[in-house]
Structure formats: structure tokens, C-alpha cells
Amino acid sequence: VGLVFLFSSATGELIAILQDGILQKYAVGAINAIGAKYLARQNAKIVGLIGAGNQAGPQIAALEHIRPVEEVRVFSPKREETEAFCARMQNELGIDFRVAETPEAAVRGVDIAITATNSRAPFFKADWLTPGMHLSCMQRDEPLPACFSRADVSVFHTRMKEQEYVSSDFSEMERRHDFIMRDHPESSVNWDDYPDLGELVSGQTRGRTRDDEITLF
């Protein structure tokens with residue numbers, strides 16, 4: 001359990017103790033929504049969501065603040081959990097949530113496609129991308145490399161890679177606690193070839209300039 005302590009800078013008083021897992025999922029949703037603000041079409045209304053877990057809800061909760069979302073099509077492998085997720089989110093946000101039978105069905109012809117999974121094997125196919133679509137991926141293991149070639153504009157959240165910091169340092173913990181950390185596989189995509197979110201927001205790199213462009217964040 002990670003805890004964030006919030007203190008008043010004026011008095012030093014402890015104001016709140018926050019569970020960091022709650023903050024983390026809303027931060028991820030907000031970051032992807034910022035990407036969509038610059039990369040998705042202004043009139044984007046239909047969303048395809050692959051994933052119905054802990055991270056999925058905040059993706060839509062943040063997105064609906066910057067685009068007029070009217071319908072969300074959701075696919076996740078566990079049907080009952082997906083139905084429960086759709087019912088809960090429709091009640092919370094007042095948006096039409098529908099269960100899709102396959103990942104492709106969830107994103108076919110949508111304005112914005114979102115992946116919010118724990119996959120360590122890329123699965124989002126380049127031929128699922130259609131003119132005008134924005135693809136928002138929660139992690140880099142979700143789109144197949146051909147998606148980057150097909151997209152007109154691709155932007156990464158950050159060029160920093162987890163293996164440069166802690167991801168590969170868990171071997172002793174794995175041995176001691178008898179679990180396996182699922183590391184990211186090698187990819188043919190070089191993060192350094194693409195601009196990051198800071199450059200997009202500050203205008204150092206371009207966002208969407210035409211409605212028919214395919215964009216990827």
C-alpha cells in the first residue's frame with residue numbers, strides 16, 4: 001500500500017492521507033485525456049474501449065470532460081464483469097455503455113479507441129484503424145508495431161522506459177516471494193523516434209490538423 005501525505009505549505013498541517021492507487025488510476029485517465037484533447041477529432045462521440053478493469057473507468061471519466069462522448073462499446077474477456085462494468089459506468093456518467101463481443105467489434109468505426117489492459121502481448125491491429133480515428137493506449141504493449149506506421153501522428157507520454165529504472169531490478173524479490181514479474185517484451189518501435197506529451201502540449205510538435213488523420217497516443 002502506497003500512501004501520499006498532503007501538507008499545507010502555509011502551516012505544515014497534515015491535510016489528507018491519500019491512497020496512491022486511487023490517485024494513480026485517475027492520473028492515467030487524465031494523461032490520456034490530455035493526449036486526446038490535442039489528437040482526437042473535436043466531434044468525437046463514439047468510443048471503443050478494450051478492458052473493463054480498474055483502469056478502464058477513469059479513461060472514460062476523464063475523456064468525457066473534453067469530448068462529447070455519447071456511446072462507449074466495451075470488450076473484456078469476462079462477460080459478466082464487462083456487463084457489470086457497463087451498468088455501473090452508465091449509471092455514474094449517464095453515457096450509453098454497450099458490451100461488444102470481440103475486441104475488433106468494440107473499436108470498429110469508432111471515433112476514439114482506448115486500450116486499458118494488462119496485456120504483455122501486442123494485440124491492436126493496424127487494420128482496425130480507420131481514417132479520423134484516435135487510438136489511446138494505456139501502455140506500449142497493446143498496439144502492434146504496424147499501428148505506428150499507419151498512424152499519421154504518434155505521440156508518447158514520455159520517452160522514459162521502465163527498464164531504465166526499476167522493471168528489471170525485481171529478480172531478487174521474485175526469488176524471495178516466489179512470483180514472476182511480467183516484464184515488457186522487446187519491441188521494434190523506438191520511443192526516441194516520437195515526440196512526447198510535453199512537446200505536444202507546448203506546441204513543439206503538431207497534433208491533429210485534419211479530420212481524416214489517424215492519431216495515436
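## What lines the largest pocket?

By class, how many nonpolar, polar and charged residues does the lining of the largest pocket have? There are 13 nonpolar, 7 polar and 2 charged ones. Keep in mind that you're looking at a predicted model.

This pocket has a volume of about 700 Å³. Of its 22 lining residues, C137, M138, Q139, R140 and H157 are the closest to the centre. Helix α1, which covers residues 20–39, gives the largest share of the lining, with 5 residues.

## The runner-up

Next comes the second largest pocket, with about 270 Å³ of space. It's lined by 17 residues, and the closest to its centre are G51, S76, A116, T117 and N118. The class split here is 7 nonpolar, 8 polar and 2 charged residues.

## The overall build

Now for the whole protein. Its secondary structure comes to 7 helices and 9 strands. Along the principal axes, the C-alpha atoms fill a box of roughly 50 × 40 × 40 Å. The radius of gyration is 18 Å, which agrees with a compact globule, because one with 217 residues would have a value near 17 Å.

## Inside and outside

As for what's tucked away, 42% of the 217 residues are buried, meaning under 20% relative accessible area. On the outside, the protein exposes about 11900 Å², and carbon and sulfur atoms supply 52% of that.

Contacts reach along the chain too: among those with a separation of 6 or more, 66% are between residues 24 or more positions apart.

Notes: Residues numbered from 1 in each chain as written. Predicted model: local features only at pLDDT ≥ 70, side-chain atom pairs only at ≥ 80, totals over all residues. Heavy atoms only, no water. 1 Å grid on protein atoms, 1.4 Å probe; cavity = no way out; pocket = protein on both sides within 12 Å on 5 of 7 lines; lining within 4 Å. Points joined across faces, edges and corners; volume = space filled by probe spheres on them. Helix = DSSP H or I, 4+ residues; strand = E, 2+ residues; numbered from the N terminus. Nonpolar A, V, L, I, M, F, W, Y, C, P; charged D, E, K, R; others polar. Rg over C-alpha atoms; globule rule 2.2 N^0.38 Å. Buried < 20%, exposed > 50% of the residue type's maximum accessible area, 1.4 Å probe, protein only. Contact = heavy atoms within 4.5 Å. Areas by Shrake-Rupley, 256 points an atom, 1.4 Å probe, with all protein chains shown as cover.
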